[in-house]
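Let's take a walk through this protein together, starting with the whole and ending with a single residue. Keep the viewer open and turn the model as you read.

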Amino acid sequence: PCRDLYILAAGRVKCYRASPEGREQILKIFDRPGDMFCTTSAFSTGSHIVTAEAMSETTLHVIDLETMTRVARDQPAVALALVTASGDQLRSLVGLADDLSLKTATARVAKLLCERARAEGGRSGTPVRLRRDGLREEEIASMVGTVRVHVSRSLKALASMGAITLE
């Protein structure tokens with residue numbers, strides 16, 4: 001049962017689904033202070049629909065559902081924040097479904113690298129160095145819905161096209 005809502009204070013948390021064989025699909029990584037997760041589980045299904053795992057040392061604010069519901073009723077701004085967080089998460093899931101169904105593994109890897117480069121402060125046409133130890137192939141595979149061997153092939157394909165340089 002999901003009885004709490006979680007708000008990230010510091011760190012990184014991944015929410016994912018796993019198959020019985022152990023293959024996982026990362027649905028969302030929360031890494032900004034104030035990110036809320038488990039809103040759908042708390043307010044809709046009543047049970048956890050994803051697994052959350054800390055990716056680094058993490059600090060969370062844990063608010064029980066009864067308290068959160070009471071505060072949301074009394075404070076429209078809090079209710080709006082909950083709806084906004086849920087909408088952002090839904091948009092992210094729709095984007096993931098779109099990517100998985102309509103894009104090749106190489107295109108999904110390229111998109112992830114581009115998003116990471118932008119997050120690092122890079123702009124179009126400006127070289128950005130992404131550390132490989134921060135982007136393990138297994139993690140990339142879980143994020144883009146494929147297996148490690150396809151990520152390796154995709155990275156080599158992107159390098160041969162001149163889109164990236166591997167060091």
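Here is a tour that goes from the overall build to one sheet and then to one side chain.

First, a word on what you're looking at: this is a predicted model. The chain has 167 residues, and 31% of them are buried. If you lay the C-alpha trace along its principal axes, the protein spans about 55 × 40 × 30 Å.

Now for the building blocks. The protein has 6 helices and 6 strands. Follow the sequence from start to end and you'll meet them in the pattern β-β-β-β-α-β-β-α-α-α-α-α. How do parts of the chain that lie apart in sequence come together? Among contacts with a separation of 6 or more, 66% are between residues 24 or more positions apart.

What about the outside? The protein exposes about 10400 Å², with carbon and sulfur atoms supplying 54% of that area. As for charge, there are 23 positive and 20 negative charges, and the mean positions of the two sets are 6 Å apart.

Next, find the sheet. Three strands make an open sheet, ordered β4-β1-β6, with antiparallel pairing. Why do β4 and β6 each have one side without a neighbour in the sheet? Both β4 (36–37) and β6 (59–64) stand at the edges and have a single partner strand each, so one side of each is left open in that way.

Strand β1 covers residues 4–10, and 2 bridges join this strand to β4, with the two running antiparallel. On the other pairing, 6 bridges join β1 to β6, again in an antiparallel arrangement. A handy residue to click on here is I7. In β4, the residue standing opposite I7 is M36. In β6, the residue opposite I7 is H61. So pick out I7 and look across to M36, then across to H61.

Last stop: E24. You'll find E24 in strand β3, which takes in residues 24–30. Which residues does E24 touch, once its neighbours within four places in sequence are left aside? The list is K14, Y16, R17, A18 and S142. Of these contacts, the one with K14 deserves a click: the side chains of E24 and K14 make a polar contact at 2.8 Å. S142 is also on the list of contacts, so have a look for that residue while you're there.

Note on methods:
Residues are numbered from 1 along each chain as its sequence is written. This is a predicted model: local features need pLDDT of at least 70, side-chain atom pairs count only at pLDDT 80 or more; totals for chains, interfaces and linings use all residues. Side-chain values use heavy atoms; hydrogens and water are left out. Helices (H or I, at least four residues) and strands (E, at least two) are DSSP runs, numbered from the N terminus. A polar contact is a pair of N or O atoms within 3.5 Å; within protein, one must be able to donate a hydrogen and the other to accept it, and residues adjacent in sequence count only if both atoms are side-chain atoms. Contact means heavy atoms within 4.5 Å. Buried means under 20% relative accessible area, exposed over 50%, partly exposed in between (1.4 Å probe, protein chains only). Accessible areas come from the Shrake-Rupley method with a 1.4 Å probe; for residues, only the protein chains shown count as cover. Lys and Arg count as positive and Asp and Glu as negative; His and the chain ends are not counted. The place of a charge is taken as NZ of Lys, CZ of Arg, CG of Asp or CD of Glu. Two strands pair if DSSP finds at least two bridges between them.
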